[in-house]
Amino acid sequence: MTSEPTGSDLADEERERLLGLVENLQIPTAPAATEVRRRADSRRRTRHAVVGSAAVVVLIVLGAISPLGSDIEIMTGPSTESASQPEVRSGWVWHDSEQIVSRDGSPSGYATRVLPDAAQVVIVLGDAATCLSPQTCAESPERFGADEFSRLMSRSTDLPALAPTTLAGPDSQFADADIVWIPLVTGDMHLGSTSDATVAGVDEPQQFVGRRNVSAVLDDLEQFDWLDPSQRVLLMGSGAGGIGAIANYTSVAERFGDRDVALLVDDAPLFPTGDVFRRCQASAWISTFGLTRPERWPGDLAKGPDAIGEVYSYLSRLHPEASMGLIVSPDDAATRRVYTTEIRGCAPRAGELAPTTYAVAAEDLAARVSQLPSWTVVLSDTGDALDDALRGAPGPTTAEIDRLIDAVAR
Amino acid sequence: MVIGDRDFETWYRDERTRLVRTLTVACGGDVDLAADAADEAMVRACERWSRVRHMDSPAAWTYRTALNVVRRRHRRRTIEERLLRRVAAGADHQAEDHSTELWSVVAELDHRDRAAIALRYVAGLSEAQVAEALGMSTGGASSVLSRARAQLRHALTSGEVPVDQ
């Protein structure tokens, strides 16, 4: 007879039955402690071998003029040794690095927010305009450093999607996570690997080195002990940052080895080449940004631009165990504009890309990607739905976005 | 559990078996996967022992790490099985020496509920430590545990798992 459970606990007999399950298990022999230590030492040596060169760390402790409410204090100093054991603080740290380059060639960096015992680290690729013509380059930031970061943190309006203050805000699902924020400073959707590129009609050479920048940040992160192996990892982006997240996922996943690395992408539909994503536009991305296939992707991308639209199935095949989330907004005018903008090497469209044409393509894409085993897809009525959800702004699909975050990233 | 200055070897010898047992329940009976994840988590703990040893609960940290490994490998295995069109009944992976019926009950629980039950009743962690290991708030862990207990109790007494998990 089973004894009555006491309060909210299991009854003794229930507990005994559970423990009885495991008492007689044939447990595989434990490795000797010396073997465990040897493996740990080997990994430790590997980790320390990649400690990079001297970056300058600018510590920005959020303050009174920031939306989070305290003084901003800036400290600079070499980070070679200190970066391996950074001080844990609740504010943001801007890491200035010579290895991370802005579109105009000036040094840039990235920002981190570290919390004690966070269960998750979120790596966010920032959003900004893409530089492919004089008009679009004018809208794209050409440099971003500590001063720009400080100004961004002091703003409460006109924020880019997935801004640091949004990610760490009180309504964010990632308020309790460690956050790495990589600004888009290269106008290339974090895709590029080309120095001194030219854009027709723009005088200055362009540093389209977004992928290299992401790689440089990952190099830096390997120094940090606070990237704890117990943490889950999420790579996330919206708009151009979302496209960058897709393109850089494999690199990030491989850097984190055996840890879970999830992917969450908003407003970054990559269509098969056709009426919406024309082959000439795909070719322009490849030639202008020096887009090369990410490591370990199947070689199809080398055959031509048509393969860009196949990235979802590539990722699903290459990372079948990964959790990936995609938010698609058929009525998002801002994202539609990416596929409408005049592109070098593309003949002008016979007519404007109709919203209904775009909407049908977006819905088709969502239906196709949702069939892939790694992906979960949400169709959103509005653009920037992920950003809205993190700011606690109620929207028609907020509940679905919350469920997507829970399914993919928690 | 605070372990003060005890060295890694002592802690490893004390904890490894319990970790494997707990993970076996969390895995729904897959003792090989559990041992694999436990050993990986132990290496990671050793790698960062100077920090882990001073944590309030090195065990909770290690369980969290191991559960991440389990989740990743289990997902990979599930997909491989699906691709190979094999029935993912888990019979190939379940522990051999056990009550099949009870393992079935445990295996049918939601993976998070199963992990919570394993951490609380096999590893003997407090609810706060369960919360830490699962990466959630104490309130959230209490809620998960409460639901998991109800489902487990129902299954143990009725022989079936409720549909509304």
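What share of the contacts in chain A with a separation of 6 or more comes from residues 24 or more positions apart? The answer is 70%, where a contact means heavy atoms within 4.5 Å. Before going further, note that this is a predicted model, in which local features need pLDDT of at least 70, side-chain atom pairs count only at pLDDT 80 or more, and totals for chains, interfaces and linings use all residues. Residues are numbered from 1 along each chain as its sequence is written, chains are lettered from A and ligands numbered from 1 in the order in which they are written, and side-chain values use heavy atoms, with hydrogens and water left out.

Let's start with chain A. It has 13 helices and 12 strands; these are DSSP runs numbered from the N terminus, with helices being H or I over at least four residues and strands E over at least two. Of its 410 residues, 55% count as buried. Here buried means under 20% relative accessible area, exposed means over 50%, and partly exposed is in between, using a 1.4 Å probe and protein chains only.

Now for the aromatic rings. A pair of them is described by the distance of the centres and the angle of the planes. Rings of Phe, Tyr and Trp (its six-membered ring) pair if their centres lie within 6.5 Å; planes under 30 degrees apart are called stacked, over 60 edge-to-face, and the rest tilted. The whole structure holds 15 such pairs over all chains. One of them joins A:Trp94 and A:Phe144, a tilted pair at 5.7 Å centre to centre with 55 degrees between the planes. A:Trp94 sits in strand β3 (residues 92-101) of chain A and A:Phe144 in the loop between α3 (134-139) and α4 (146-154), so this pair ties together parts that are 50 residues apart in sequence. A:Trp94 is buried at 0% relative accessibility, and A:Phe144 is buried too, at 13%. Both belong to a cluster linked by ring pairs, along with A:Trp92, A:Phe149 and A:Trp181.

Another pair to find is A:Phe271 with A:Tyr339, which is edge-to-face: 5.2 Å centre to centre and 75 degrees between the planes. A:Phe271 lies in the loop between β10 (261-266) and α8 (279-289) of chain A, and A:Tyr339 in the loop between α10 (333-338) and α11 (355-370), so the pair ties together parts that are 68 residues apart in sequence. Both residues are buried. The loop between β10 and α8 also holds A:Phe277, which is buried with a relative accessible area of 0%. Leaving out residues up to four places away in sequence, A:Phe277 touches A:Phe271, A:Pro272, A:Ala282, A:Trp285, A:Ile308 and A:Tyr339. A:Phe277 and A:Val338 are 61 residues apart in sequence, yet 9.2 Å apart in space, C-alpha to C-alpha.

On to the charges. A salt bridge here is a side-chain nitrogen of Lys or Arg within 4 Å of a carboxyl oxygen of Asp or Glu, and the count is 14 over all chains. In chain A, A:Arg255 meets A:Asp219 at 2.8 Å, N to O. That pair links helix α7 (residues 240-255), home of A:Arg255, with helix α6 (residues 210-221), home of A:Asp219, 36 residues apart. A:Arg255 is partly exposed at 29%, as is A:Asp219 at 35%.

Chain B has its own examples. B:Asp39 and B:Arg16 form a salt bridge with the closest N and O atoms 3.0 Å apart; B:Asp39 is in helix α2 (residues 31-47) and B:Arg16 in helix α1 (residues 8-26), 23 residues apart. B:Asp39 is buried at 13%, and B:Arg16 is buried at 4%. B:Glu40 and B:Arg44 also meet in a salt bridge, at 2.7 Å, N to O. These two are four residues apart in helix α2 of chain B, so about one helical turn separates them. Both are buried, and they join A:Arg39 in a network of salt bridges.

That network brings us to the interface. Here 52 residues of chain A are in contact with 51 residues of chain B. The two chains bury about 5,100 Å² between them, 53% of it on carbon and sulfur atoms; buried area is the accessible area (1.4 Å probe) that two parts lose on being put together, summed over both. Three salt bridges run between the chains, including A:Arg37 with B:Glu9, whose closest N and O atoms are 2.9 Å apart. On the chain A side, the elements that give two or more residues are α1 (12-23) and α2 (33-49).
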